[in-house]
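Work through the exercises below with the sequence and the model open. Try each task before reading its solution.

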Amino acid sequence: MRDDVRMTTDPAMLDFRPCPPHREPAAALVQGMRDEIAALYDGLNLDGPQMPKAGPQELGPPDGTFVVGFERDVPVCCGGIKRLPDGACEVKKMFVVDAARGRGVARALLVELERRARDLGYIVARLDTGPRQTRARRMYERAGYVAIENFNANPVATFFGEKRL
């Protein structure tokens, strides 16, 4: 990935493409997200038994999806949708490389994930974020996610949000 190069492309110019989270270039972005979470939360194991599951099966057809966003053919962000037992969907593994942050890329990614969730038939989206991800929480709240009770037993998250699509 080209984290060292500051991109200047308008987020509206992002090209979102489906890509399973365990295949490149999604796998490298997912690893970047995992590394960042481990650093933020002192070595947290995202694969631990207490953590909500979001692997290729959950984030793939027929009930889910995973996308990579490209700027000029450079992968800069990723995220996915998975089905929840009650028929809502959950936004998972949102990540934006450092070089693309602060320019609306995460917001454009969230809009794209919501669009894809509607295309899959979902009418409610949920998500969570932890106490050290204050920018993410602000973005989610600005995007219309309202606080709800813990819906997925994530032991790290402190904000659980829901939005009608």
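**Exercise 1: A pair within one helix**

Arg116 and Glu112 form a salt bridge, with their closest N and O atoms 2.6 Å apart. A salt bridge here is a side-chain nitrogen of Lys or Arg within 4 Å of a carboxyl oxygen of Asp or Glu. The model is predicted: local features need pLDDT of at least 70, side-chain atom pairs count only at pLDDT 80 or more, and totals for chains, interfaces and linings use all residues. Residues are numbered from 1 along each chain as its sequence is written, and side-chain values use heavy atoms, with hydrogens and water left out.

Task: place Arg116 and Glu112 in the fold, and find what Arg116 touches.

Solution.
- Step 1. Locate the pair. Both residues lie in helix H2, four residues apart, about one turn of the helix. Helices (H or I, at least four residues) and strands (E, at least two) are DSSP runs, numbered from the N terminus.
- Step 2. Check burial. Buried means under 20% relative accessible area, exposed over 50%, partly exposed in between (1.4 Å probe, protein chains only). Arg116 has 15%, so Arg116 is buried. Glu112 has 12%, so Glu112 is buried as well.
- Step 3. Widen the view. Glu112, Arg115, Arg116 and Asp119 are linked in a network of salt bridges.
- Step 4. List the contacts (heavy atoms within 4.5 Å). Beyond four places in sequence, Arg116 is in contact with Phe16, Pro18, Thr65 and Val67.
- Step 5. Take a distance. Phe66 is 50 residues from Arg116 in sequence, and their C-alpha atoms are 9.5 Å apart.

**Exercise 2: Other salt bridges**

Task: state how many salt bridges there are, then describe two further pairs.

Solution.
- Step 1. Recall the principle. Side chains of opposite charge can pair when their charged atoms come close.
- Step 2. Count. The rule gives 13 salt bridges.
- Step 3. Take Arg126 and Asp86. Their side chains meet in a salt bridge at 2.8 Å, N to O. Arg126 lies in strand E5 and Asp86 in the loop between E3 and E4, so the pair ties together parts that are 40 residues apart in sequence.
- Step 4. Compare the two ends. Arg126 is buried, at 12% relative accessibility, whereas Asp86 is exposed, at 52%.
- Step 5. Take Lys92 and Glu90. The closest N and O atoms of this salt bridge are 3.4 Å apart. Lys92 and Glu90 are both buried.

**Exercise 3: The nonpolar core**

Task: which residues have the most contacts inside the largest nonpolar core, and which elements supply at least two residues each?

Solution.
- Step 1. Apply the rule. A nonpolar core is a set of buried Ala, Val, Leu, Ile, Met, Phe, Trp, Tyr and Cys residues joined through side-chain atoms within 4.5 Å.
- Step 2. Find the hubs. The largest core has 45 residues, and Val76, Val91, Met94, Leu110, Tyr140 and Tyr145 have the most contacts inside it.
- Step 3. Map the elements. At least two residues each come from helices H1 (26-40), H2 (105-119) and H3 (134-142), and from strands E2 (65-71), E3 (74-83), E4 (89-96) and E5 (124-129). H2 gives the most, six residues.
- Step 4. Inspect Tyr140. Outside four places in sequence, Tyr140 is in contact with Met94, Leu110, Leu127, Asp128, Thr129, Tyr145 and Phe159.

**Exercise 4: The largest pocket**

Task: what lines the largest pocket, and which element supplies the largest share?

Solution.
- Step 1. Set the rule. On a 1 Å grid over the protein atoms alone, a pocket is an open set of points where a 1.4 Å probe fits, with protein on both sides within 12 Å along at least five of seven lines; lining residues have an atom within 4 Å of a point.
- Step 2. Read the volume. It is about 1200 Å³ for the largest pocket, taken as the space filled by probe spheres set on the points, which are joined across faces, edges and corners.
- Step 3. Examine the lining. There are 48 lining residues, and Met33, Ile37, Met94, Gln133 and Tyr140 lie nearest the pocket's centre.
- Step 4. Assign the elements. H1, E4, H2, E5 and H3 each supply at least two lining residues. H3 has the largest share, seven.

**Exercise 5: Two glutamates**

Task: are Glu114 and Glu36 buried, partly exposed or exposed?

Solution.
- Step 1. Glu114 lies in helix H2. Its relative accessible area is 5%, so Glu114 is buried.
- Step 2. Beyond four places in sequence, Glu114 is in contact with Arg107, Tyr145, Lys163 and Leu165.
- Step 3. Glu36 lies in helix H1. At 29% relative accessibility, Glu36 is partly exposed.
- Step 4. With residues up to four places away left out, Glu36 touches Phe95, Asp98 and Arg101.
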